[in-house]
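Colleague: I should like to understand how the terms used for this structure are justified. May I put some questions to you?

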Amino acid sequence: MSYQFQKMPEEKVFKDPVHRYIHVRDQLIWDLIKTKEFQRLRRIKQLGTLYLSFPSAEHSRFTHSLGVYEIVRRMIDEIFRNRPAWHDEDRPLALCAALLHDLGHGPFSHCFEKIFGTDHEAYTQAIITGDTEVNAVLSRVHPGFAQEVADVINKTHQNKLVISMISSQIDADRMDYLQRDAYHTGVSYGSFDMERILRLMRPTEDEVVIKESGMHAVEDYLMSRYQMYWQIYFHPVSRGGEVLLNRCFKRVKVLYETGYSFNSVPRHLLPFFSEEVSVQDYLRLDETILFFYLQEWMEEEDAILSDLSRRFVNRDLFKYLPFDGSVITIGELTDLFTQAGIDPEYYFVSDAFSDLPYDYDRPGSKNNRKPIHLLTRQDIIKEISTQSVIINSITGINRMDYKLYYPKEMIVNIEDPEIKGSIINLLNELN
Ligand code: DTP
């Protein structure tokens, strides 16, 4: 039997808190899990710095990736198989893309990306198609298979059905992370009836659609995603950890560029400073390495770097305030901080974040998302917000929020009483 369909003599089973068990019978999938690039995901936390506010949120991209694989495996083996629109020869492609979709995530994900200009999606593709163990396994299927897997993750593959299983507004990725993140943060928001959604999913040539009797389960899923974003992912304390880490990396970069002599040279980061990063340089980075440097930076002579790293490692977070522009502008506050001798580049941070729970490419919308489609009893396809009042009420609504972060004790210690008084008054007004 060809490698892509080869089964192991015995099934491997992982215990999992979300899906109870994750089943691996395919040799191809087992070989991918054993590669060093996939094992690296154990050292990347799914929720970055969120563990600073939700202390048990230390789960990794490794377990999430297994979870996405398991959902896609169940879609295929329990729901899609033997339906005319599903072609079982696409099973290896779908399973590999599901398992590998987050392979390029770097330490602390988005925070690192913002400072060093990396893009986890581009790295996912570079790892899959580059000189790696993952590529060697995929190439055993056939020489072009790795590129096909990368194309599915990049959403450029011609097989739109497989793309929609992994990357759409109701996909295996989101269904896994909502439940997994809820479980590990300990909240109840992320729950929805995945079993019902799975049972009512139907493959078409272009996408996965949901039978109309599943509409209320989809409403619940979208609300759950909305709640998770605002209660967990955008929790202001969690954002505070990211703000601090961001300023730490920013300081390191500035010091490097101005010729500062580090006691402990962050050699893993040097390729990122010179922006000549190979796939191997990228793969060498994980959170254990960055934590090592953060501990080293606490001992540096540069007062800003040592203070910021100490704050991050020991969770001495900045204080935060809501900001809506009614009291003062960011520019005016920045000037006041500068006059008070507090460097606003590092100690006064404004943070903006937004989420669009559901939308699709339609007149007036500014995105190219594909809608969630329902399949009626008459086999007609309908866009879900035309059928659901609840979903209609959130369609296209982009909620935004703004916060200001600053170290409280630095304000208390400002020497000039006049400036100190005006800053304290302004911050009180904002609160
Ligand atoms: P989606 O398709 O839902 O928009 P994505 O951007 O493709 O998601 P990611 O894996 O990059 O997928 O992001 C989703 C995961 O990251 C999920 O576990 C939630 C988590 N996450 C999102 N925003 C934040 C944040 N600000 N801080 C920490 N974790 C976050």
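Colleague: What makes the pair formed by Arg-61 and the ligand a polar contact?

Modeller: A polar contact is a pair of N or O atoms within 3.5 Å. A polar side-chain atom of Arg-61 lies 2.7 Å from an oxygen atom of the ligand, so the pair is a polar contact. The model is predicted: local features need pLDDT of at least 70, side-chain atom pairs count only at pLDDT 80 or more, and totals for chains, interfaces and linings use all residues. Residues are numbered from 1 along each chain as its sequence is written, and side-chain values use heavy atoms, without hydrogens and water.

Colleague: Which atom of the ligand lies 3.1 Å from a polar side-chain atom of Arg-239?

Modeller: That atom is a nitrogen of the ligand. For Arg-225, a polar side-chain atom lies 3.4 Å from an oxygen atom of the ligand.

Colleague: Why is the crossing of helix 4 and helix 8 called right-handed?

Modeller: A crossing is right-handed if the near helix is turned clockwise from the far one by less than a right angle. Helix 4 (residues 91–100) and helix 8 (residues 145–153) pack at about 65 degrees, and their crossing is right-handed.

Colleague: How many residues of this contact are charged?

Modeller: The contact (heavy atoms within 4.5 Å) has 1 charged residue, 9 nonpolar and no polar.

Notes: Axes are lines fitted to C-alpha atoms, for helices over the stretch in contact, and angles run from 0 to 180 degrees between N-to-C directions. Helices (H or I, at least four residues) and strands (E, at least two) are DSSP runs, numbered from the N terminus. Ala, Val, Leu, Ile, Met, Phe, Trp, Tyr, Cys and Pro count as nonpolar, Asp, Glu, Lys and Arg as charged, and the others, Gly among them, as polar. A polar contact is a pair of N or O atoms within 3.5 Å; within protein, one must be able to donate a hydrogen and the other to accept it, and residues adjacent in sequence count only if both atoms are side-chain atoms.
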